[in-house]
Amino acid sequence: MYKGQKITVIMPCLNEEEAIEQVLQRIPEFVDEVIVVDNGSTDRTSEVAGSLGAKVIREDVRGYGRAYKTGFATASGDLIVTLDGDHSYPPDAISYLIEAFLHLDVDFLNTSRFPARDRRSMSFMNKIGNLILSLAMSLLYFCWVRDSQSGMWVLRRSILSGMNLLSDGMAFSEEIKIEALKRNRTRFAEISIQYSSRLGETKLNLWRDGFYNLWFLLRKRFS
């Protein structure tokens with residue numbers, strides 16, 4: 001519990017054996033529930049996560065969004081914190097983010113990886129791609145978002161029931177922010193965090209995922 005709020009942390013994982021132990025060891029003690037959604041790993045991700053006290057859920061249908069939907073369906077916390085299992089987002093910043101969330105009195109707090117403090121954490125092309133997608137989302141939905149692709153958020157579990165989340169893939173990250181932004185009663189804010197180089201092999205396909213996410217933005221806006 002943190003100031004009367006039950007906290008759930010959700011992490012989607014696909015072959016993150018190399019990083020998951022370090023991530024889980026840095027989760028603050030006040031977190032009530034840690035859910036690792038194993039999205040079809042072929043390594044020891046589930047075994048390592050379970051040995052460190054995480055609740056491991058297997059979701060064999062591949063997809064970033066699919067993993068999160070499975071995790072959300074199981075979560076019991078008042079507040080949900082998300083992050084990747086590859087050690088790129090800072091688990092020990094969770095208390096700072098929740099403090100900001102409560103101070104700002106919002107329903108959805110997005111983290112921005114920009115300005116990037118660690119130049120090795122993201123390639124130049126990834127930075128350009130993120131800028132294009134964030135600008136496109138901001139123009140389409142008339143609300144400036146610095147990092148539409150960030151994977152670390154704090155949100156009230158209660159707002160999920162009002163969201164129409166369609167994507168099972170990487171576009172889920174931008175879609176959940178769109179759903180939060182377009183609802184007048186949902187209070188949205190954004191705050192910068194330290195982003196680091198991931199451990200292990202990347203699952204992102206820069207061109208395929210980038211063009212798909214741009215297409216998804218357009219389709220969701222005008223469908």
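Here is a quick tour of this protein, from its overall build down to a few single residues.

The model is predicted, so to speak of local features pLDDT must be at least 70, and side-chain atom pairs count only at pLDDT 80 or more, while totals for chains, interfaces and linings use all residues. Residues are numbered from 1 along each chain as its sequence is written, and side-chain values use heavy atoms, with hydrogens and water left out.

**Overall build**

- You'll find seven helices and seven strands here; helices (H or I, at least four residues) and strands (E, at least two) are DSSP runs, numbered from the N terminus.
- Read from the N terminus, the elements go β-α-β-α-β-α-β-α-β-α-β-α-β-α.
- The radius of gyration is 16 Å, close to the 17 Å that the globule rule gives for 223 residues, so the protein is as compact as a globular protein of that length. That radius is taken over C-alpha atoms, and the rule is 2.2 Å times the number of residues to the power 0.38.
- Along its principal axes, the C-alpha trace spans about 45 × 40 × 35 Å.
- Of the 223 residues, 55% are buried. Buried means under 20% relative accessible area, exposed means over 50%, and partly exposed is in between (1.4 Å probe, protein chains only).
- Among contacts with a separation of 6 or more, 75% are between residues 24 or more positions apart; a contact means heavy atoms within 4.5 Å.

**The nonpolar cores**

- The largest nonpolar core has 35 residues, and Val9, Met11, Leu24 and Leu109 touch the most other members. Such a core is a set of buried Ala, Val, Leu, Ile, Met, Phe, Trp, Tyr and Cys residues joined through side-chain atoms within 4.5 Å.
- At least two residues of this core come from each of strand S1 (7-13), helix H1 (17-25), strand S2 (33-38), helix H2 (45-51), strand S4 (79-82), helix H4 (94-104) and strand S7 (188-192).
- H4 gives the largest share, five residues.
- Beyond its neighbours within four places in sequence, Met11 has contacts that include Ile20, Leu24, Val36 and Leu83.
- There is also a second, separate core of 30 residues, with Val37, Ala75, Met137 and Ala180 among them.

**Helices H5 and H6**

- Helix H5 (residues 124-141) has 18 residues and reaches 26 Å from its first C-alpha to its last, close to the 26 Å expected at 1.5 Å a residue. The expected span is 1.5 Å times one less than the number of residues.
- Buried residues of H5 include Asn130, Leu133, Met137 and Tyr141.
- Ten of the ten residues of helix H6 (residues 172-181) are buried, so this helix is largely enclosed by the rest of the structure. Charged names turn up on that list too, including Glu174, Glu175 and Lys177.

**Gln149, in a loop**

- Gln149 is in the loop between H5 and strand S6 (153-156), and at 14% relative accessibility it counts as buried.
- Setting aside neighbours within four places in sequence, the residues in contact with Gln149 include Tyr89, Arg113, Asn130 and Lys177.
- The C-alpha atoms of Gln149 and Met170 are 8.6 Å apart, with their positions 21 residues apart along the chain.

**Aromatic rings**

- The structure has twelve aromatic pairs. Rings of Phe, Tyr and Trp (its six-membered ring) pair if their centres lie within 6.5 Å; planes under 30 degrees apart count as stacked, over 60 as edge-to-face and the rest as tilted.
- Phe108 and Phe188 have ring centres 5.6 Å apart and planes at 10 degrees, so they are stacked. Phe108 lies in strand S5 (residues 108-112) and Phe188 in strand S7, so the pair ties together parts that are 80 residues apart in sequence.
- Both Phe108 and Phe188 are buried.
- Tyr212 and Trp215 have ring centres 5.6 Å apart and planes at 45 degrees, so that pair is tilted. They lie three residues apart in helix H7 (residues 206-222), about one turn of the helix.
- Tyr212 is partly exposed at 36% relative accessible area, and Trp215 is partly exposed at 44%.

**Positive phi values**

- Most residues other than glycine have a negative phi.
- Lys3, in the segment before S1, has a positive phi near 50 degrees and is exposed at 61% relative accessibility.
- Asn15, in the loop between S1 and H1, has a positive phi near 55 degrees.
- Phe142, just after H5, takes a positive phi of about 55 degrees.
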